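Work through the exercises below with the model open. Each task is followed by a solution in steps.

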Amino acid sequence: MEGSKVIVIPKTILPNLDAASGKIRKKRVAAYCRVSSDMDDQLHSLETQKIEFSRKINENPEWEFVNLYTDEGITGTSKAKRKGFNDMIKDAMKGKIDLILVKSISRFARNTVDCLQTKRDLQAKGVEIFFEKENISSFNEASETMLTIYASFAQEESRQISTNVTWGVRARMRDGKYRIGATMLGFKKNENGELIVDEEGAKTVQLIFSLFLDGYSYREIIDELVRQGKTNAKGDVKWLVSNITSILGNEKYCGDIIYQKTFCKNYLTHERAVNNGELEQFFLPKHHEPIIDKANFMYVQLLRKKRKANYNPMENRNNMPLAGLVYCANCGRPMHRVQYNKGKKYERVALTCKMNIRNGSNYSNCEMRNTIDYDSLLKLVERIVMDEFKELDMSLISKSVGSAMAITESTDRINSLEEEINRHKTEINELVTKQIESGADINEYKEAYSLLQDKIKACESEIEAISTREYISSKKKEFSEDLNAFLQKNASLSPQIASKVIKRIYRLNDNSLLIIISKNELEKSLLENIREKIDDFRYLEPKEFEYGKTVIQYRILNLEDMKND
């Protein structure tokens, strides 16, 4: 009706009622405390916050203490890794908390989006947040605006801190004074924070490099590490392919350091990315004692690139002396080493072509079902290899190894070439900057770019040549030592020694063997051609070898004798 006066009904504060009993209950209150580092003053601040909040909640007769949620040494720019914070939000969303006390907005969140979204989520559930320093309640009508302003200030402060810290880190990198923080297999730190070699871990690192150079795949390296009980940097006998690739590509193992291989893309999310030239890097050669020879390390990097480009899983080798040597003449497949009745008293190891190693199923298209006793064949091969090498002039081998060992140390030259490469890359960057600033056409700088790129390629080619030469030299030395140990019966037969004499062993249809020997490298096509004409070689003198209860019938095809005939 016109002229009626509007009557204002004052707001009333409803008491907290228990849903089950309908009785008035106390307000359930929790507090959140966070410090961003483990410094003593910050830890003292954290303890002070906890004591103060506990006292305040417990002294209020209308409040019921729920919990203190804390995060220690955690940044406030992202809530992803803040366990205490996330646990508190989960409890609040489950209806366990009515009020959350926080010292300040910057303690709650330094990310404006996170702060506002969390406030809205909690408010929708009827949960209040009170920021003591700013004296703001999230239930206040103006709280959204105030939170946006204060959270933005906190976020900008974090950005400035991140910028200052990053600048300081890069300054230390540029001066070569930046300390490595992560735990590394094969290294430990002395009292001055310097890297020193950890002998036990270093042996594992050297084993990984050695296996890779011997042709092992990443999976085969892992299998061998587990078999030998080798532990990773965390002390676990648990290895991932990423562990192996990281070790093989880590320049610290040859004594050098490259700073800023990764960088932080976003100071809020702390997401890191590989530095592919977006930022400058800092190379420091001879920083600490190496575990791996520089030439061998560089050769490994070349092999990794070649393997990636020409990966063939069938060409991987393992550490079994007969690996890749024994084939079934009937189906042409390599024969695999298999354990039968493992753990039982009649356990035996044999070679078979029937087993599909990938899925454990039997092949159905090969008629040959007989196996070859592995230990008996190994003893036969050892005897043949021993006889063949005893006829060689060992002085010639020693002379060959001696000349290989006489090659001068090339690590200094490789370091010098790497420094030259980095210098040329810096010159290219300077040219790019100069071109952009002058606004000149790229053709004016094309010749200078090409010249610097050619210099880089020349350095890389020389590094590859030196690394290859040094690797071959070390392998010759290693082979000579292994061969001498084998001939002196101080070491077992290695795959490298066996393959120097035995080129292939064919299991024939009657389960006898044709053993092909040669001191020269042979084409696979020749060996396959022999398999196709296998019956033509039955004229060779049949022989028998007895080992235990096993008798092996075999013939030897010496390709050098055929050439002489």
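**Exercise 1. Helix packing**

Task: In this predicted model, determine how the axes of α6 and α8 are oriented to each other, and list the residues that make the contact.

Solution.
- Step 1. Locate the helices: α6 covers residues 199-213 and α8 covers residues 241-248.
- Step 2. Take the axes. They come within 10 Å and cross at roughly 90°.
- Step 3. Classify the angle. Angles from 65 to 115 degrees count as roughly perpendicular. α6 and α8 are therefore roughly perpendicular to each other.
- Step 4. List the contact. From α6 come V205, I208, F209 and F212. From α8 come I244, I247 and L248.
- Step 5. Sort these residues of the contact of α6 with α8: 7 are nonpolar, none is polar and none is charged.

**Exercise 2. The helix in between**

Task: Which residues of helix α7 are buried, and which helices are included in what covers them?

Solution.
- Step 1. α7 spans residues 218-227.
- Step 2. Its buried residues are E220, I221, I222, E224 and L225.
- Step 3. The cover over these buried residues includes α6 and α8.
- Step 4. Look past the end of α7. G229 follows, with a positive phi near 70°.

**Exercise 3. Strand β3 and its partners**

Task: Assign the side-chain directions in β3, then find its pairing with β1 and with β4.

Solution.
- Step 1. β3 is residues 99-102. L99 and L101 point one way, I100 and V102 the other way. All are buried.
- Step 2. β1 (residues 27-35) pairs with β3 in the parallel sense over 4 bridges. V29 has L99 as its bridge partner in β3.
- Step 3. β4 (residues 128-131) also pairs with β3 in the parallel sense, over 4 bridges. Here V102 stands opposite F131 of β4.

**Exercise 4. An open sheet**

Task: Which strands stand at the edges of the sheet that holds β13, β14 and β15?

Solution.
- Step 1. Write the strand order: β13-β14-β15, an open sheet of 3 strands with antiparallel pairing.
- Step 2. β13 (336-340) and β15 (372-373) each have a single partner strand, so they stand at the edges, and one side of each is left without a neighbour in the sheet.
- Step 3. Check one pairing. β14 (residues 348-352) and β15 pair over 2 bridges, in the antiparallel sense. A350 has D373 as its bridge partner in β15.

**Exercise 5. An enclosed strand**

Task: How many residues of β16 are buried, and in what sense does β16 run with β12 and with β17?

Solution.
- Step 1. 6 of the 6 residues of β16 (residues 502-507) are buried, so β16 is largely enclosed by the rest of the structure.
- Step 2. β12 (residues 326-328) runs parallel to β16, joined by 3 bridges. Y327 partners Y506 of β16.
- Step 3. β17 (residues 513-517) runs antiparallel to β16, joined by 5 bridges. I502 stands opposite I517 of β17.
- Step 4. Inspect the hairpin of β16 and β17. It has 5 residues between the strands, and N511 in the turn has a positive phi of about 70°.

**Exercise 6. Aromatic pairs**

Task: Which parts does the pair of Y32 and F85 tie together?

Solution.
- Step 1. Describe the geometry. The rings of Y32 and F85 are edge-to-face, 5.4 Å centre to centre, with 75° between the planes.
- Step 2. Y32 lies in strand β1 and F85 in helix α2 (residues 83-93), so the pair ties together parts 53 residues apart in sequence.
- Step 3. Check burial. Y32 is buried, at a relative accessible area of 0%. F85 is buried too, at 2%.

Definitions and conventions:
Residues numbered from 1 in each chain as written. Predicted model: local features only at pLDDT ≥ 70, side-chain atom pairs only at ≥ 80, totals over all residues. Heavy atoms only, no water. Axes fitted to C-alpha atoms, helices over the stretch in contact; angles between N-to-C directions. Parallel < 35°, antiparallel > 145°, perpendicular 65-115°, else oblique. Contact = heavy atoms within 4.5 Å. Nonpolar A, V, L, I, M, F, W, Y, C, P; charged D, E, K, R; others polar. Buried < 20%, exposed > 50% of the residue type's maximum accessible area, 1.4 Å probe, protein only. Pairing = 2+ DSSP bridges. Phe/Tyr/Trp six-rings, centres within 6.5 Å; stacked < 30°, edge-to-face > 60°.
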